[in-house]
Every structure is written in C-alpha cells, then in structure tokens.
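Good morning, everyone. Please take a moment to look over the sequence and the structure before I begin, and keep both in view while I talk.

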Amino acid sequence: QVQLVESGGGLVQPGGSLRLSCAASGSIFSINDMSWYRQAPGKQRELVATISASGPTNYADFVKGRFTISRDNAKNTVYLQMNTLKPEDTAVYYCKINVVTIRLVRYDLWGQGTQVTVSS
C-alpha cells in the first residue's frame, strides 16, 4: 500500500510565496509522473504542473514563470514552489503520482489536498 502526505498550504498575501510538498511512502517500486492539480470553489479540477521521472516538466499557461515543480526521487517527494501568488491562485491543491508498487501494480494515487488562500 502507498500513502501520500501533502503539506505547505496556508494563507499568503498577493505577491507572496508558498512551497507545497507531497511525500509518498509505502510499498513503492517506482514513481513515474508526479503532478499538481488545483480546484477552486465551483470550478473543475485543473492541471497545474507535471514532472516526469527523468525530469522534464510541463506547466499550465496560467502558472508559467511563477510556479516551479521539482522532485526528489530519493525521498519520493514532489514540490511546488509558488511565487508571485495571485488571489486567483486560491484553491485546494492536490498532488497526483503514477506509482508502481513492489507487486508491480501501476496506478494513479491522489493526495488529500492542501488549501492555498491568497488574500490581503
């Protein structure tokens, strides 16, 4: 069994920064793509950024130049550094990983979500 624990959300003023973390643990053989999504009230969940196992990244246009996704494979952890935050970035942020277990079962796993609120 594999677990995800997210951390790092909170309240920040416009223009501020936050760093989200998402750590995986358990019966992990390998992790492929790691991603961050977000969901604002009344809106659909949307992809923010993805990082592949070998390092290439992909960002939604609305965060390019402001957010940076990274991963530490030794720690099975993905990060999202968010700079120049705007009120419209307010949402619950979820990590998602594509994991292969030690039984060689592959599936997507979602974190529990962490609230990010950008407000003065």
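**Strands, sheet and core**

In this predicted model, I would like to start with strand S3, residues 18-26, and strand S8, residues 77-82, which run antiparallel and are joined by 6 bridges. Within that pairing, Leu-18 stands opposite Met-82 in S8.

Those two strands belong to an open sheet of 4 strands, whose order is S1-S3-S8-S7 and whose pairing is antiparallel. Strand S1 (2-7) and strand S7 (67-72) each have a single partner strand, so they stand at the edges, with one side of each left without a neighbour in the sheet. On average, and ignoring direction, neighbouring strands of this sheet are turned by 15° against each other.

Let me turn now to the interior. The largest nonpolar core has 32 residues, and those that touch the most other members are Trp-36, Leu-80, Met-82 and Tyr-93. Several elements give two or more residues to this core, among them S1, S3, S7 and S8, while the largest share, 5 residues, comes from S9. If we follow Tyr-93 outward, leaving aside residues up to four places away in sequence, we find that its contacts include Trp-36, Leu-80 and Met-82.

Finally, is Thr-101, in strand S9 (residues 91-101), buried or exposed? Because its relative accessibility is 9%, and buried means under 20%, Thr-101 counts as buried. Apart from its neighbours within four places in sequence, Thr-101 is in contact with Val-2, Ser-27, Phe-29 and Tyr-107. Thr-84, by contrast, is 17 residues from Thr-101 in sequence and 37 Å from it in space, C-alpha to C-alpha.

Terms used: Residues numbered from 1 in each chain as written. Predicted model: local features only at pLDDT ≥ 70, side-chain atom pairs only at ≥ 80, totals over all residues. Heavy atoms only, no water. Buried < 20%, exposed > 50% of the residue type's maximum accessible area, 1.4 Å probe, protein only. Contact = heavy atoms within 4.5 Å. Pairing = 2+ DSSP bridges. Axes fitted to C-alpha atoms, helices over the stretch in contact; angles between N-to-C directions. Core = buried A, V, L, I, M, F, W, Y, C linked by side-chain atoms within 4.5 Å.
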